[in-house]
Amino acid sequence: MADDVATLRQRVEELEAELAGEREARQTAEQQAEELRRRAVILQSEVEQEEEAIANRLMKKLSQLQQEKQQIAQQIDSEEEFLTNTLQRQLEELRKEKQSAEDKLAEMRKEKQDILQQVELEEEYLTNTLQKRLEAVMSEKAALEEQVQELRRASEDSTSSGRNERRAFGTAPA
């Protein structure tokens, strides 16, 4: 585009130089003055038309470029807004997921604590129950051992009294 403008300007400058040359030639050649004036008017008209056409094309191109620039700016704004909204939604989702995970973790910790407390209570209950049973069994064992001792003594007493009776009756032990 810049080359076109430079070329057009150069062309305009060339035409202006040619026009200037024609003006000089008019001064030197009085007979051809009328023809040269007419040619100069025609050339001037063409130059103006060409300049106007160039200006119109440049204005049209500038307008197109401005429209493209505006469209690109709108696209960029739309994409930025889309990306911002998308990232905002993702961030919000991540925050919700994080909060949900933290809530679940807190709930799991509480459940763990409750379970540990329940296990501790069950252990204590089982320990107490087993200790009572052990004491009962030990007490029962002691009572049985005492009964065994009493039975042994009674047996020994009856065995020794039976021997004494047999001796008294003169019978031999069987």
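Trainee: Which class does Asp 114 belong to, buried, partly exposed or exposed, and how is that read?

Mentor: The class follows from relative accessible area (buried under 20%, exposed over 50%, partly exposed in between, with a 1.4 Å probe and protein chains only). Asp 114 has a relative accessible area of 35%, so it is partly exposed. Bear in mind that this is a predicted model, in which local features need pLDDT of at least 70 and side-chain atom pairs count only at pLDDT 80 or more, while totals for chains, interfaces and linings use all residues. Residues are numbered from 1 along each chain as its sequence is written, and side-chain values use heavy atoms, with hydrogens and water left out.

Trainee: With which residue does Asp 114 form a salt bridge?

Mentor: A salt bridge is a side-chain nitrogen of Lys or Arg within 4 Å of a carboxyl oxygen of Asp or Glu. The partner of Asp 114 is Lys 110, and their closest N and O atoms are 3.2 Å apart. Both residues lie in helix H2, 4 residues apart, about one turn of the helix; helices (H or I, at least four residues) and strands (E, at least two) are DSSP runs numbered from the N terminus.

Trainee: How many salt bridges are there by this rule?

Mentor: The count comes to 3. Another of them joins Lys 98 to Glu 102, with 3.7 Å between the closest N and O atoms, and the side chains of Lys 141 and Glu 145 meet in a salt bridge at 4.0 Å, N to O.

Trainee: Where do the partners Lys 98 and Glu 102 stand in the helix, and how far apart along it?

Mentor: Lys 98 and Glu 102 are 4 residues apart in helix H2, which means that about one helical turn separates them. Lys 141 and Glu 145 are likewise 4 residues apart in H2, so about one helical turn lies between them. As for accessibility, Lys 98 is exposed at 52%, whereas Glu 102 is partly exposed at 38%. Lys 141, at 45%, counts as partly exposed, and Glu 145 is partly exposed at 43%.

Trainee: Which residues form the negative surface patch?

Mentor: Patches take residues with over 30% relative accessible area and no salt bridge, joining like charges within 9 Å and nonpolar side chains (Val, Leu, Ile, Met, Phe, Trp, Tyr) within 5 Å. Here the negative patch is made of Glu 13, Glu 14, Glu 16, Glu 18, Glu 46, Glu 48, Glu 50, Glu 51 and Glu 52. Helix H1 (2–28) and helix H2 (33–169) are the elements that give it two or more residues, and H2 supplies the largest share, 5 residues. Glu 13 has its place in helix H1 and, at 51% relative accessibility, counts as exposed.

Trainee: What forms the nonpolar patch?

Mentor: That patch consists of Met 1, Leu 58 and Leu 65, with about 250 Å² of accessible area together, and Met 1 lies in the segment before H1.

Trainee: Is Thr 86 in helix H2 buried or exposed?

Mentor: Thr 86 is buried, with a relative accessible area of 18%. A polar atom of its side chain lies 2.8 Å from the backbone oxygen of Phe 82.

Trainee: What does the whole chain look like in numbers?

Mentor: The chain has 2 helices and 0 strands, and buried residues make up 6% of its 174 residues. Its accessible surface (Shrake-Rupley method, 1.4 Å probe) comes to about 15,800 Å², of which 51% belongs to carbon and sulfur atoms.

Definitions and conventions:
Lys and Arg count as positive and Asp and Glu as negative; His and the chain ends are not counted. The place of a charge is taken as NZ of Lys, CZ of Arg, CG of Asp or CD of Glu. A polar contact is a pair of N or O atoms within 3.5 Å; within protein, one must be able to donate a hydrogen and the other to accept it, and residues adjacent in sequence count only if both atoms are side-chain atoms.
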